[in-house]
Amino acid sequence: MAEQRIIIVGAGPSGTRAAQACVQAGIRPTVIDEGRRDGGQIYRRQPDNFTRPYAKLYGTEAGRAQALHETFDGLKAAIDYRPETLVWNIAKDHVWTASATVQEAIPFDALLLCTGATDRLLPVKGWHYAGAYSLGGSQVALKSQAVSIGHKVVFMGSGPLLYLVASQYVEAGADVAAVLDTSPFSARLKALPDLLAMPSVLWNGVALTRTLKRAGVIVQHGVTPVEIMGDAESGVGGVRFLAGSGREETIACDAVAMGHHLRPETQLADLARCAFAFDPGTRQWLPERDGDGRSSVARVYLAGDGAKILGARSAEASGRLAALAALGDLGLPVDKGEMTSLRGEVGQYARFARGLAKAFPWPARQAPALPDDAILCRCEGVTAGDLRAVMRETGAQEANRAKAFSRVGMGRCQGRYCGLAAAELIAAEAGVPVEQVGRLRGQAPVKPLPIAIGDGQ
């Protein structure tokens with residue numbers, strides 16, 4: 001049994017708990033992660049020579065972050081840990097990896113994809129200027145380099161991550177000019193029954209808002225972003241938006257952190273040929289899985305926010321659950337009672353996630369409202385007007401066909417940042433439901449590879 005080859009992609013909350021379950025079962029899994037250190041994005045570790053306290057880095061989640069880091073440190077001797085390694089393809093029961101200039105094809109008997117999440121973005125006119133960051137990018141700057149993205153920062157978008165990163169900047173001593181939330185405050189009241197499924201997590205959200213209020217940060221709800229002001233030479237100079245009252249306002253700043261919470265990082269699941277289904281609650285396509293994390297492809301398992309955004313706490317539970325499912329499928333003994341308990345735990349988080357989707361709705365109308373001269377795809381420099389012109393000239397109403405003619409989603413990020421917004425714009429222009437537009441298909445390599453890459457064998 002010790003020869004069973006289990007590969008875990010990701011060393012965040014779900015990957016760490018999956019690895020822990022494998023080690024406890026007597027298996028030495030291979031854990032592959034792009035990061036230099038474990039923890040994932042939510043619990044990203046600071047560099048070795050940094051000594052900032054956990055409370056400053058992780059706020060209300062400091063205890064969980066420290067516990068996860070200590071768990072992983074204790075596992076290192078019992079796992080094949082491969083940091084700074086990209087999984088760029090999955091084919092024929094192998095994962096294809098690249099580390100520096102060396103590539104390798106690693107076979108597996110079970111593959112656990114704990115790939116985490118990335119920013120869910122909606123373009124705003126001017127978002128291509130220097131000084132415009134995603135929420136995740138601004139958080140990386142703070143955690144990894146202990147720097148603010150600007151002297152005066154506006155946080156704009158919606159979702160828990162908006163308040164988390166803004167409060168982390170406040171705690172670090174940065175000048176936060178404002179938090180501009182596109183969701184109306186009334187949406188949170190309507191979502192309260194589902195949010196009460198996790199009262200401690202709900203209270204953490206309240207605590208973040210109180211931190212901002214105590215620091216005197218302007219917090220507005222129900223705003224509509226109009227433009228990130230600035231120019232190509234000097235970068236961001238401010239933001240222009242419609243307040244909830246409908247009045248146009250501007251706030252001066254030299255940096256903007258923007259985003260609408262998170263979206264699952266599903267490209268590897270796509271390359272593994274997992275089936276996807278449209279989720280109307282979040283208006284996006286998600287990989288299908290059963291209650292234990294099994295995908296539609298035998299011996300491929302999905303856990304954490306890489307399958308569906310349920311949060312870091314749920315990721316820990318679903319990572320362990322998926323690992324137990326994999327171990328059981330490989331013929332190893334597993335605790336059925338524990339699996340039942342973990343399913344119930346994940347179910348609670350799923351209810352809370354439904355509440356978050358209601359409290360911080362995806363502002364789908366923002367994409368089709370983009371002016372023609374607004375950049376839609378930053379990688380390829382494609383404007384909203386370019387995509388509209390392609391639709392008129394070719395009749396393209398499907399995401400991949402529109403991509404082929406316009407190059408939307410064809411750049412470095414492969415549609416991670418612009419794909420959802422492009423789908424909303426196509427749907428609105430064509431007058432069809434967004435699910436009818438489909439989704440951009442994943443392609444290998446999922447990220448650029450060095451030209452000089454060679455075989456490590």
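Helix axes here are lines fitted to C-alpha atoms over the stretch in contact, and the angle between two of them runs from 0 to 180 degrees between N-to-C directions. With that in hand, here is a look at this predicted model, starting with one helix pair and then zooming out.

**The H9/H10 pair**

Helix H9 covers residues 312-329 and helix H10 covers residues 336-359; they pack at an angle of about 145°, with their axes 9 Å apart. The crossing of H9 past H10 is left-handed. On the H9 side, the contact is built from Arg313, Ser314, Ala317, Ser318, Arg320, Leu321, Leu324 and Ala325. H10 brings Glu338, Met339, Leu342, Arg343, Glu345, Val346 and Tyr349 to the contact. Sorted by type, the residues of this contact come out as 8 nonpolar, 2 polar and 5 charged.

**The chain as a whole**

What does the secondary structure of the chain come to? It comes to 14 helices and 23 strands. The radius of gyration is 22 Å, and the globule rule gives 23 Å for 457 residues, so the chain is as compact as a globular protein of that length. Along the principal axes, the C-alpha atoms fill a box of roughly 65 × 55 × 45 Å.

As for burial, 54% of the 457 residues count as buried. The accessible surface of the chain is about 19,200 Å², with 52% of that belonging to carbon and sulfur atoms. If you like contact maps, take the contacts with a separation of 6 or more: 67% of them come from residues 24 or more positions apart.

**Backbone oddities**

Most residues other than glycine have a negative phi, and most peptide bonds are trans. A few spots in this chain go the other way, and the two positive-phi residues below are worth pulling up on screen.

| Residue | Phi | Loop between | Relative accessible area |
|---|---|---|---|
| Ala100 | near 55° | strand S5 (94-99) and strand S6 (102-107) | 65%, exposed |
| Arg407 | about 75° | helix H12 (399-406) and helix H13 (419-430) | 40%, partly exposed |

Is Ala100 buried or exposed? The cut-off for exposed is over 50% relative accessible area, and Ala100 is at 65%, so Ala100 counts as exposed. Arg407, at 40%, falls in the partly exposed class.

Then there's the peptide bond itself: which residues does a cis peptide bond join? Ala444 and Pro445 are the pair, with omega about 0°. Pro445 sits in the loop between helix H14 (434-437) and strand S23 (454-455).

Conventions: Residues numbered from 1 in each chain as written. Predicted model: local features only at pLDDT ≥ 70, side-chain atom pairs only at ≥ 80, totals over all residues. Heavy atoms only, no water. Helix = DSSP H or I, 4+ residues; strand = E, 2+ residues; numbered from the N terminus. Left-handed = near helix turned anticlockwise from the far one by under 90°. Contact = heavy atoms within 4.5 Å. Nonpolar A, V, L, I, M, F, W, Y, C, P; charged D, E, K, R; others polar. Rg over C-alpha atoms; globule rule 2.2 N^0.38 Å. Buried < 20%, exposed > 50% of the residue type's maximum accessible area, 1.4 Å probe, protein only. Areas by Shrake-Rupley, 256 points an atom, 1.4 Å probe, with all protein chains shown as cover.
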